[in-house]
Structures are given as C-alpha cells and as structure tokens.
Amino acid sequence: MPTNFPSPKLRLALIGYSFLWWLLLPLAMLYLWRRGRKDPLYFQHLGERFGRYPTTLKSPVWVHAVSLGEMRSATPLIRGLLAQGERIVTTHFTPAGRREALREFATEIAAGTVQVIWVPLEYGFAYRRFLSQFTPKYGLVMEIEIWPRMIMACRKHGTPLFMCNAQYPKKSFEKDQQGLGLRAALVGGFAGAFVKSTAHHDRCAALGMKNIHITGELRFDQPIPQSQLDAAATCRDALTKGRQSFTLTSVVEGEDAIYIDMIRQTKGLFFTYVPRAPERFDEVAEMLRAAGLRYARRSEILDGNLVLTTLTPDVDVLLGDSMGEMYFYLGLCDQVIVGGGFVPKGAHNVIEPLALKKPVIVGPHIWTIEYPANEAIAAGVCHNVHSADELLAAVQTPQSVTDTQIDAFYAAHAGGVARTLAAIPKALKD
C-alpha cells in the first residue's frame with residue numbers, strides 16, 4: 001500500500017467531495033423518497049443510512065454487498081465465515097441486496113450471528129458511528145465498489161478494508177486513469193484485494209496496490225436452492241407445452257426492444273423474461289402486451305410456493321415479476337440469454353446458468369464479466385453474439401453444448417471460497 005496515501009491532490013479532492021455530499025443531501029433524500037414510492041424499503045430504516053442502529057453485533061466481519069448480484073456472490077463466503085465461528089454484518093444500498101440477505105440468512109439473523117443493515121451514506125460522521133458501534137474485524141467490499149468516505153473512515157479507524165471477489169475491468173481501469181485519476185488513486189486506500197483473475201491482479205498492482213491475492217470467482221460456489229429447481233421441474237411441461245425454452249435473465253432498460261423483437265420473430269418457442277429491477281415489472285408487461293405477445297405474469301399464475309394456480313392458454317412468454325427466484329426461472333429453460341450485454345453498461349454474470357448445465361448466450365458488451373465470460377466462450381459453453389441478427393440466429397439454431405463441456409469448465413474455475421478463506425489470514429498479516 002502506498003505510504004504517502006492519500007496524495008495532496010487526493011486530499012484536496014476529498015475536501016471538495018465531502019462538501020458536495022453536504023450540498024446534495026436534500027437531493028439524496030429526494031432520491032431515496034422517490035425510489036421509496038416504488039419500493040417502500042428504500043426509505044425505511046433511514047437512521048441506518050446515517051450510522052444509527054437500535055442494536056449492533058460486536059466485532060463481526062463486515063461484508064458490503066451493494067445489491068442483489070453482489071449479495072449472491074457473497075453468500076457462499078459468508079457461509080464459510082460463519083462455519084469458522086465468525087459473526088457477520090452485511091451492508092447494502094438497494095432493497096434487492098437487503099432482501100436477499102434477509103431471506104438467505106433468516107435463521108442466522110434470528111440466532112444473532114448475522115445482522116443486515118443499510119450501508120451509511122458518504123458522510124464521515126455516519127461511518128464513524130458505524131465503525132465505533134460495530135468495531136468490525138475487517139471489511140470485505142464485494143466486486144468493484146470504491147467509496148471515498150468508506151475507505152478513508154476505515155483507514156482512520158484502523159479497520160482493514162479489502163476488495164473481495166474483486167474485478168477491475170479493462171474499460172474501468174482505463175477510464176479511471178483519465179483526467180485527474182482520483183478514482184484510481186483511491187484504490188491505494190484499500191488494505192488489499194482478493195481478485196478474480198491475473199488480469200485484475202495486474203491492473204490493481206499497476207495502481208500501486210499491494211497485498212493482492214488471486215482467489216477466483218465466488219459465484220462458482222453459490223448454493224443452489226433445490227426447492228426452486230423442483231418447482232420448475234413440476235410445472236415446466238405445463239408452461240412450455242414441450243417447446244424448446246429460453247430464459248432471459250437480468251434484462252435491463254435499453255435492451256427490451258431487441259429481445260422482444262427477437263421473440264416476435266420466433267415460432268414454436270417458449271420464453272421466460274426476467275427484468276433485473278422490480279420497478280420495471282409493470283413497464284415490461286406493457287411492452288410485451290404492446291408487442292402483441294401472449295404472456296402471463298408469474299405473480300398471477302403461480303402462488304408463493306411456485307405452484308401453478310392458473311394458466312392462460314397458449315402463452316409464449318412468462319414474465320418473471322419476482323425477486324429471489326432466479327433458479328426457478330433458469331430451471332424452466334434449455335438455454336439462457338443473459339441480459340445487459342446489449343447496452344454499454346455491460347452484461348451480467350453467466351455462472352448461475354452454467355451451474356445448472358444451461359448453455360449461455362450473451363450480447364456484445366461483456367467487459368463487465370470478462371472473467372469468466374472469455375473463458376466460457378473459449379470453452380464453447382457461452383455464445384457471444386454481436387448484433388440483433390446474430391441473437392435471432394443463435395436462438396433459432398442454438399449451438400450444441402454438452403454437459404461434459406460445462407462440467408469441465410465449471411471444475412476448472414470452482415473453489416473461490418476455499419481460496420479466499422485461506423487468503424484472508426495471510427492478507428491480515430501483511
């Protein structure tokens with residue numbers, strides 16, 4: 001870690017950053033309130049966002065998982081830490097991440113070994129309260145979350161803060177070094193990192209970070225909820241009526257037109273369409289209706305236990321308007337189209353489908369998942385398409401992928417939890 005961190009330039013920038021957050025506090029509250037109109041959880045437990053908690057665990061391991069995807073990747077590691085006798089506090093910014101933690105660790109929360117809270121907003125006083133009340137042993141920030149106040153508060157408090165399951169995509173790396181390079185400079189404030197691949201290691205090291213450990217991708221060790229797979233097996237035939245089936249996962253705003261047009265051009269296929277954000281469920285339902293597609297909503301034809309209660313005849317699309325049931329939706333299909341790849345922000349992860357031996361199709365923008373997407377493409381288990389026409393062709397004539405290919409790919413990349421658990425004590429000594 002650089003001994004001169006932060007540099008004078010970064011110190012000056014942090015002063016301006018702090019001033020800006022105070023200036024924009026009314027807008028931050030307005031943002032939470034407006035999001036809370038669609039999802040009330042956004043505006044609940046508001047004191048936690050300012051470092052106020054009715055109860056606290058003492059000396060836990062702190063895991064920051066901003067949203068749903070990060071929480072899912074953190075889950076197997078948290079299980080491993082709990083098995084070692086640790087207590088865990090998880091922090092989140094979105095309701096999706098918080099709900100996933102509450103659902104996944106309900107038993108541990110009741111037993112007092114896990115606590116789930118909002119991450120503090122970017123104010124020094126909020127982090128001081130958080131750190132003084134919880135006194136975490138160390139912090140693990142999932143993926144590529146870089147928040148100045150979080151980093152600086154942990155350094156001042158003496159709490160080691162690590163990037164975990166970390167990636168530094170080439171596009172982000174190059175962008176962060178442009179201009180003043182302040183975001184890149186902040187990487188030096190971490191106590192170290194547990195990264196996914198050699199490429200990510202080298203980019204972090206190029207910015208001056210020390211104490212970097214290559215531990216792989218934690219999602220390869222994610223638990224699979226068998227109950228969701230059983231439910232999918234029970235109702236799959238009734239839904240698909242024997243047709244070849246595709247599931248579109250984590251579809252984001254800006255790519256619906258491509259996917260819906262693709263569905264309109266196909267015949268004799270069944271699709272499950274899962275938007276990434278719950279606030280988009282109604283919007284996507286209207287898009288499907290406007291396109292003249294025959295669809296049904298999961299919330300209208302399945303009960304809370306994923307049992308069919310009714311089914312509109314001749315449905316071609318199931319709209320997955322629920323959260324936390326991705327493995328059910330994956331269990332309904334033969335192949336998976338992973339969303340995000342047709343917008344510049346980039347594709348979402350391909351690992352969950354491959355865990356179920358479902359071949360994957362992904363759009364052109366895969367910089368966000370370069371590892372393990374590039375490896376999956378090379379192994380022949382992921383089809384990278386670059387246009388709407390290529391997507392249509394990939395659906396109409398899917399590439400042949402065997403279970404043996406997927407098993408070999410998965411075996412080559414699993415074990416991230418064990419490697420991370422082994423690396424943590426070494427990282428804390430450095």
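These legends go with a set of close-up views of one predicted model.

Residue numbers start at 1 along each chain as its sequence is written, and side-chain values use heavy atoms, with hydrogens and water left out. Because this is a predicted model, local features need pLDDT of at least 70 and side-chain atom pairs count only at pLDDT 80 or more, while totals for chains, interfaces and linings use all residues.

**View 1. The largest nonpolar core, with Phe328, Leu332 and Leu354 as its best-connected members.**
A nonpolar core here is a set of buried Ala, Val, Leu, Ile, Met, Phe, Trp, Tyr and Cys residues joined through side-chain atoms within 4.5 Å. Buried means under 20% relative accessible area, exposed over 50%, and partly exposed in between, with a 1.4 Å probe and protein chains only. This core has 41 residues, and Phe328, Leu332 and Leu354 touch the most other members. Elements that each supply at least two of its residues include α11 (226–240), β9 (269–275), α15 (326–331), α16 (351–355), α17 (370–378) and α19 (403–413). Helices (H or I, at least four residues) and strands (E, at least two) are DSSP runs, numbered from the N terminus. Take Leu332: leaving out residues up to four places away in sequence, its contacts are Ala232, Cys235, Arg236, Leu239, Thr240, Ser245, Thr272 and Leu318. Contact means heavy atoms within 4.5 Å. There is also a second, separate core of 35 residues, with Phe130, Phe134, Ala153 and Met209 among them.

**View 2. Helix α19 and its buried face.**
Ile406, Phe409, Tyr410 and His413 are the ones to look for, as they are buried in α19. Looking down the helix axis, the buried residues of α19 fall within an arc of 95°, so they line one face. That arc is taken from the directions from the helix axis to the C-beta atoms. An α-helix has 3.6 residues a turn, so residues three or four places apart point the same way. The face turned away from the buried side carries exposed Thr404, Ala411 and Ala412. Cover for the buried residues of α19 includes α16, α17 and α20 (416–429). Just after the helix, Gly415 takes a positive phi of about 100°.

**View 3. Helix α6 (residues 124–134) and what covers it.**
Which residues of α6 are buried? They are Gly124, Ala126, Tyr127, Phe130, Leu131 and Phe134. Down the axis of α6, these buried residues fall within an arc of 160°, so they line one face of the helix. The cover over them includes β1 (61–64), along with β2 (88–92), β3 (114–118) and α7 (148–157). Just after α6 comes Thr135, with a positive phi of about 40°.

**View 4. The cavity and its lining.**
The structure holds one cavity of 30 Å³ or more, and about 50 Å³ of space lies in the largest cavity. A cavity is a set of points, on a 1 Å grid over the protein atoms alone, where a 1.4 Å probe fits but cannot get out; lining residues have an atom within 4 Å of a point. Grid points are joined across faces, edges and corners, and the volume is the space filled by probe spheres set on the points. Residues in the lining include Gln335, Val360, Ile361, Cys382, His383, Pro398 and Val401. Both β13 and β14 (382–384) supply at least two lining residues each. By class, the lining has eight nonpolar, four polar and no charged residues. Here Ala, Val, Leu, Ile, Met, Phe, Trp, Tyr, Cys and Pro count as nonpolar, Asp, Glu, Lys and Arg as charged, and the others, Gly among them, as polar.

**View 5. Leu41 in the loop between α2 (25–38) and β1.**
Is Leu41 buried or exposed? At 10% relative accessibility, Leu41 counts as buried. Setting aside residues up to four places away in sequence, Leu41 touches Pro95, Arg98, Arg99 and Trp118. Its C-alpha atom is 9.4 Å from that of Ala96, and the two are 55 residues apart along the chain.

**View 6. Backbone oddities at Pro372, Ser59 and Glu143.**
Most residues other than glycine have a negative phi, and most peptide bonds are trans. A cis peptide bond joins Tyr371 and Pro372, with omega about 10°, and Pro372 lies in α17. Ser59 has a positive phi near 55° and is partly exposed at 33% relative accessibility. Glu143 has a positive phi near 70°, sits in the loop between β4 (139–142) and α7, and is buried at 6% relative accessibility.

Technical notes
1 Å grid on protein atoms, 1.4 Å probe; cavity = no way out; pocket = protein on both sides within 12 Å on 5 of 7 lines; lining within 4 Å.
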